[in-house]
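Student: I would like to go through some labels attached to this structure and ask what each one rests on.
Tutor: Go ahead; each label can be set against its cut-off.

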Amino acid sequence: MPSLTLSGVTVNFPFSPYECQKAYMNKVIECLQKKVNGVLESPTGTGKTLCLLCATLAWRENFKGTISARKIAERLGKEMFPNTPLSSWGTAATDGDKPTYYTDVPKIVYASRTHSQLAQVISELKNTSYRPKVCVLGSREQLCINQEVMRQESNHVKVHMCRGKVSTRSCVYYNNVEEKSTDRDLVNSILDVEDLVQFGTKQRVCPYYLSRSLKQQADVIFMPYNYLLDPKSRKAHNIDLNGAVVIFDEAHNVEKTCEESTSFDLTPYDVASAINAVDRLLVEQAKEISHKDSVNEDVNVESLSSGLKLDLSTIAKIKQILLDLEAAIDSYEVPSDKGITKPGIFIYEVLERAHLTYSNKTAVYEALEQISGYLAGQPGIFLNTSGLQKLSDIIQLVFCGEPSEKDRRHQMETNTAHFKVHIHRDNSVHKKKQSVDVWASSSSKKQGNILSYWCFSPGFSMQDLVNQGVRCIILTSGTLSPLSSFTSEMRIEFPVRLENSHVIERDQIFVSIIAQGPDGAHLSSAFDRRFVPENMASLGNTVANLSRVVPHGLLVFFPSFPLMEKTLEFWKANGHANRIENIKPMFVEPKGKGTFNDVIDGYYSKVNDPASKGGSFFAVCRGKASEGLDFADTYGRGVIITGLPFPPKNDPRVILKMQFLDEMNRKKAPGLKYLSGQDWYKQQAFRAVNQAIGRVIRHKEDYGAIFLCDQRFKSADARAQLPSWVRSYVRLCDSFGNVVRDVSQFFRIAQKMRPVVEKKAPADNCATVCSSDTQSSSFTSCSSSQTSHTQKAKVLDTCLPSLKKRRLNENSGASGMASICHEYESEVLDNQRRPANLLDALEQGNHSTGEDSGFTMGEEKANHLSTLSLQYDKRMEDELRGGKRKIKLVQEQKPSVSEDLSEEGKASRAKKFLADMKKSLSQVSFDRIIQALQTYKKTDDLDQLLTETAILSEDTNTQSLLHGFYQFVRPHHKKRFDENCQELTGKGCGYKPDHTLSKDEKKTVMLQNGSASKNEVHTTFLTDVKKALGAERSTQLFQAIHTYKKTDNYEKLVTTAVSLFTERDENFGLLVRFGMFIRPNHKKQYKDMLDGLIGQPVSAPDVPVMIEEQQEQPEASLLSPLRSQSKISSFFSSSQRR
């Protein structure tokens, strides 16, 4: 692996780095060595994450090396290398002359926005030569595997139930944490959240507490960045930041997270539900006391069976505080259209009216926590304690610090300097939330005022991090421009800054500002122009014309959902939508998450279809498509920005943010510079634009065009807000005709210089994949499922109900499921890109959309587009999409026609079954069963699947569906599932012993002999073997049999068999029966060996001849029985039996 030296630090890198990568790593090391903060922007596709990991871990190793050199020098009383003074080892790394110990080596805290992004980072880490001890932190929601806890609907109920089980040691998974946390393989492994859950499930140990245990000895700790920025989460996870290096990746969202993590909205519903919960507790305690034979006036609940360490008077005081708080908030007269705004310190006045102050905040907080925990742990009907939990969080946030009486006022002013209090009427959003809560009483549904406490400076959280004693903070992302305004918001110094260049050349990017459409009308999404028919028509003509010249995939981003919906309605009514649809079928980003995967898969399918001219995907800035998806290569050859996505100007929070910034500017505090409200407003729009246009160039060999379709982009100020790697390429054309001419020429040249691998027709894809079902290098994809996805996703009314265009094909859902079932039946062992079974396919959604779409489905593609592709360039891109390697595999393996027909029959049966189940069940029940399948796939826990499918036994009309479900159960669970069906319905599923064999095990039987009678013998034996040895060792044995069949290497086969069958005495019988796999030329040797092992002659029938192949004896078979026996004996002499 190549290495290079940067600022005295030797960095191992997977390949020779580009100049922009060297520049980036230099800046990272500068931050670490000088203990200063840095803000580093590097475009997507430049290997930012890989550079960040390699530079940081190299510096950390150098830091340890410097300590070692110093300790040796101290021992010797002189420097080891007189010509290489200690200072040259990088004394800046160990803080000059300060004595340093190995325990002082800084931890690396690596934070990103989501766990899926962290999984990509961890995957990237595995591509390096560095192997630090790592740990990834997650919530109970993601890591808990205790089914009783996970069945709870409310997150805080899960928390309290978990804590209760831990305190009483009644969680079997938690009880194993201490033992398993020192497991060497675990400690030295690099695991993401999913890996940790799999390990926990397999070893029956709690992944949540395991991750917290690993954190103590980890060199690198991964976590979502709200864990760092939210003081409550930081405290809950016990995150010690003293001396740590803190890295925020994907930091363009840090500002928003900082503000939201320290803000709250207390609704009437929250307060009322808290009152109801305390009421319930008071009633219960009163009943409990009344059942006692004698009751003292000072009855303490400690003396009762409940275990709640609060007396009734304390509970009553808590209720009074809640009632006073409700009255205080509702006492303010609030205009219906606006709220009232007060300075941040006003929050103390409101809470004081409810008798909440610094003096009693600790007692009230502890009482609320005890009540929440007690109620959450009660059996029976679920009681909503979210209101109590929210009040606990508010007390922690507002009353932070422990000031003395005289310093209290100053502490309160400091705490609230960046906040505003806003009181406003409850609105319809909260009414909807209340109406769906079946547990809420009618009193909790009354209307009142909302108390909002909003933070308007991310600097509040950032300064809090600095106060924790961090070594340095590094913020990095592909879109942080403009850096000056970004850093001014953070309120901490960032001496190190970088706006990195891209790895692409000039001929790979085309950027044009289109100020007017083909008809000469000015394009603008300004408030007074956006819904003008002339403007919408001109924009429609612009998109329709550009769709003709941009090849393959075209992305179109709107400023907001309402604007996109109205524009598309106009285009549909006036023919623009038809023009676009005829060239590039339209796919529209849905508001909800439910159908997003269907839509994006349909888009990928259409782009991959060689019979089409590509597809167009319509989305919104700040939406899912603009933030997290990868549109590499043909999936995003062009990006159209239809306007500037300014925040909603009438939103109270936006108004107050702008007012707050203007106030700070007027105060002109020395040494501090704030953005003006208007500058911030512009910055938000351009940051969203920059994030969207970052979808177009995803790696070194990618190319594409960016079209800025709003006349406001013409101003120099607007262009200055664009990323540095885009700015130099921006061109302003005089007319729309010139744009079409120039971009056509750009794509002609780009396609000649970087030709795309020609795709196969969908029908060919189907034939190819179906005929190579065990060794395909892409997802299974048949034209029927491909068509169904396309039909399902491209219809506009799937995403926007107001856009009625055409009906879905009635069978589309079933066709998609058929593809999934086909994938389940044709398991693939050595190819991770293709779903191994039905459950894998369900987890990935209907991603089977063509050969070339192999691994480009949403964030799944991002996991595998490692920055290592910078090294392997286009060759690796081609391989990831199928290509030559797939053709070779198809040529090597040609399954029989009967096998193909069998697979098609299975797919057809499964398709019909799933379609029938969907028709027979409600949508809720169907979704729950599908969710249970996904969980079953991840955990291999049959219990939950049995629980969810039990609903099918309740009605005689659906009992056949329960039996049909047998086809999807994994082999080792077949017998248990059959017994469960027998118990529930009185009828089994037709279980046979050979059903417990996996496909490979069945194949082993078929390879040895084709006759039915011999198959039965083999099947029985293999079932017994699997039961005795377990899945992993059975696989080892089957592989040895395969190898023996090919090589005739008797010694290797027997060594493996003997080592497996002699660990336990009861398995000796299996060793005797194993003789059925020994060829005639080795039969005598095998019998002699058994005689020696067992101590008595083995009769001939015990060692049957089952392989009757006629072939020449290789030299290995000529080994004398004595030599063979000698080798086996020596093996046994060195092994121990259990």
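Student: Where do Trp59 and Phe63 lie, and how many residues apart are they?
Tutor: The model is a predicted one. Trp59 and Phe63 both belong to helix α2 (residues 48–76) and are 4 residues apart, about one turn of the helix.

Student: How many aromatic pairs does the structure hold?
Tutor: There are 37 aromatic pairs in it. One of them is formed by Trp59 and Phe63, with 5.4 Å centre to centre and 65° between the planes.

Student: Why is the pair of Trp59 and Phe63 called edge-to-face?
Tutor: Ring centres must lie within 6.5 Å, and planes over 60 degrees apart count as edge-to-face. The pair has 5.4 Å and 65°, so both conditions are met and the label follows.

Student: What makes Trp59 buried?
Tutor: Buried means under 20% relative accessible area. Trp59 has 0%, and Phe63 has 1%, so both residues count as buried.

Student: Why is the pair of Tyr604 and Phe631 called tilted?
Tutor: Tilted covers what is left between stacked, under 30 degrees, and edge-to-face, over 60. The planes of Tyr604 and Phe631 make an angle of 50°, so the pair is tilted. The centre-to-centre value is 6.5 Å, and the cut-off is within 6.5 Å.

Student: Where in the chain do Tyr604 and Phe631 lie?
Tutor: Tyr604 is in helix α27 (residues 596–608), while Phe631 is in the loop between α28 (624–627) and β18 (638–641). The two are 27 residues apart, and the pair links distant parts of the chain. Tyr604 is buried at 0% relative accessibility, and Phe631 is buried at 0% as well.

Student: Which residues form one aromatic cluster with Tyr604 and Phe631?
Tutor: The cluster consists of Phe587, Tyr603, Tyr604, Phe617, Phe631 and Tyr635.

Student: How do you know that the charged end of Arg637 sits over the ring of Tyr703?
Tutor: The charged end of Arg637 is 3.7 Å from the centre of the Tyr703 ring, and the distance limit is 6 Å. The label also requires a position within 35 degrees of the ring normal. Lys342 likewise has its charged end over a ring, that of Phe346, 5.5 Å from the centre.

Student: What makes Lys126 and Asp195 a salt bridge?
Tutor: A side-chain nitrogen of Lys or Arg has to be within 4 Å of a carboxyl oxygen of Asp or Glu. The closest N and O atoms of Lys126 and Asp195 are 3.7 Å apart, so the pair qualifies. The structure holds 36 salt bridges.

Student: Why does the salt bridge of Lys126 and Asp195 tie together parts of the chain?
Tutor: Lys126 is in the loop between α3 (115–125) and β5 (134–136), and Asp195 is in helix α10 (residues 193–203), so parts 69 residues apart in sequence are tied together.

Student: Are Lys126 and Asp195 buried or exposed?
Tutor: Partly exposed is the range between under 20% and over 50%. Lys126 has 38% and Asp195 has 22%, so each is partly exposed.

Student: How do you know that Lys158 and Glu141 form a salt bridge?
Tutor: Their closest N and O atoms are 2.8 Å apart, so the pair passes the test of within 4 Å. Lys158 is in helix α6 (residues 155–167) and Glu141 in helix α4 (residues 140–143), 17 residues apart. Lys158 counts as buried at 5%, whereas Glu141 is partly exposed at 42%.

Student: What makes Glu255 and Arg687 a salt bridge, and how many residues apart are the parts it ties together?
Tutor: The closest N and O atoms are 3.4 Å apart, so the cut-off of 4 Å is met. Glu255 is in helix α14 (residues 254–261) and Arg687 in helix α30 (residues 677–693), so the bridged parts are 432 residues apart in sequence. Glu255 is buried at 6%, and Arg687 is buried at 7%.

Student: Where does UniProt place the feature "binding site"?
Tutor: The unreviewed UniProt entry places it at Cys144, Cys162, Cys171 and Cys206. These positions are spread over 63 residues of sequence but cluster in space, with a largest C-alpha distance of 10.9 Å.

Student: Why are Cys171 and Cys206 called buried?
Tutor: Cys171 is at 8% and Cys206 at 7%, so both fall under the 20% limit.

Definitions and conventions:
Residues numbered from 1 in each chain as written. Predicted model: local features only at pLDDT ≥ 70, side-chain atom pairs only at ≥ 80, totals over all residues. Heavy atoms only, no water. Phe/Tyr/Trp six-rings, centres within 6.5 Å; stacked < 30°, edge-to-face > 60°. Buried < 20%, exposed > 50% of the residue type's maximum accessible area, 1.4 Å probe, protein only. UniProt positions renumbered as here; feature names shortened; annotations may be inferred.
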